[in-house]
Amino acid sequence: MTKDKTTQTTRSEPVMSAEQFREWRKSLGLKQKEAAEQLGLKKRMIQYYEKGNRDGRPVEIPKSIRLACYALSEGIVDFDGHTVVAAAPDPGIRLPHPDSDQM
C-alpha cells in the first residue's frame, strides 16, 4: 500500500476526490444532469460525489465510475466488450482527408 499525498490516506488504489470529480465534469463542459446521463447515474449521485458525503457520511467514487470518467475524457461514449464507440468529432475540428499527404 502507498500513501496518497493528495488525500493523506493509506490506499492500495487511487482515489478521486470530490474536487477532482467536479473539475472532471466541468472540464468536459457537462452539467450535473448531463454527467449523470453519460455515467448512467442519477443526478443526485453526481451531487453526492461532488460534495464528498451523503447525509454526513463520506462517499467514495467507485472504480467503475472513475474509469468511466476517464473513458469519457478520452472521447469514448460506449463499449460493448469488443467495439469502442467514440464521440462524434467536434465539427470545428478539421481532420485531414485519408487520401491527403497530411497523415
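# A tour from glutamate 50 to aspartate 55

Select glutamate 50 to begin: its relative accessibility is 7%, so the residue counts as buried, the limit for that class being under 20%. The model on screen is a predicted one. Glutamate 50 belongs to helix α3, which covers residues 43–51.

Now display the side chain of arginine 25 as well. The side chains of glutamate 50 and arginine 25 form a polar contact at 2.4 Å. To see the rest of the surroundings, add Ala18, Phe21, Arg22 and Gln32; together with Arg25, these are the contacts of glutamate 50 once neighbours within four places in sequence are set aside.

**Helix α2**

Gln32 leads to the next stop, helix α2, residues 32–39. Colour Gln32, Ala35, Ala36 and Leu39, which are buried in this helix. Looking down the axis of α2, you will find its buried residues within an arc of 100 degrees, so they line one face of the helix.

What covers that buried side? Show α1 (18–27), α3 and α4 (63–73), which are among the elements covering the buried residues of α2. Then turn to the face pointing away from the buried side, where the exposed residues Lys33 and Glu37 are found.

Step past the end of the helix to glycine 40. This residue comes just after α2 and has a positive phi of about 70 degrees.

**Aspartate 55**

A positive phi appears again at aspartate 55, about 55 degrees, although this residue is not a glycine. Most residues other than glycine have a negative phi. Where should you look for aspartate 55? Select the loop between β3 (53–54) and β4 (57–58). Is aspartate 55 buried or exposed? Its relative accessible area is 64%, so aspartate 55 is classed as exposed, the threshold being over 50%.

**Isoleucine 76**

For the last stop, go to strand β5, residues 76–79, and pick isoleucine 76. Its relative accessible area of 28% makes isoleucine 76 partly exposed, a class that lies between the buried and exposed limits.

Which residues does isoleucine 76 touch, beyond those up to four places away in sequence? Show Ala71, Val84, Val85 and Ala86 to see them. Finally, draw a distance between the C-alpha atoms of isoleucine 76 and alanine 88: the separation is 9.6 Å, for two residues 12 apart along the chain.

Conventions. Residues are numbered from 1 along each chain as its sequence is written. This is a predicted model: local features need pLDDT of at least 70, side-chain atom pairs count only at pLDDT 80 or more; totals for chains, interfaces and linings use all residues. Side-chain values use heavy atoms; hydrogens and water are left out. Helices (H or I, at least four residues) and strands (E, at least two) are DSSP runs, numbered from the N terminus. Buried means under 20% relative accessible area, exposed over 50%, partly exposed in between (1.4 Å probe, protein chains only). A polar contact is a pair of N or O atoms within 3.5 Å; within protein, one must be able to donate a hydrogen and the other to accept it, and residues adjacent in sequence count only if both atoms are side-chain atoms. Contact means heavy atoms within 4.5 Å. The arc is that of the directions from the helix axis to the C-beta atoms.
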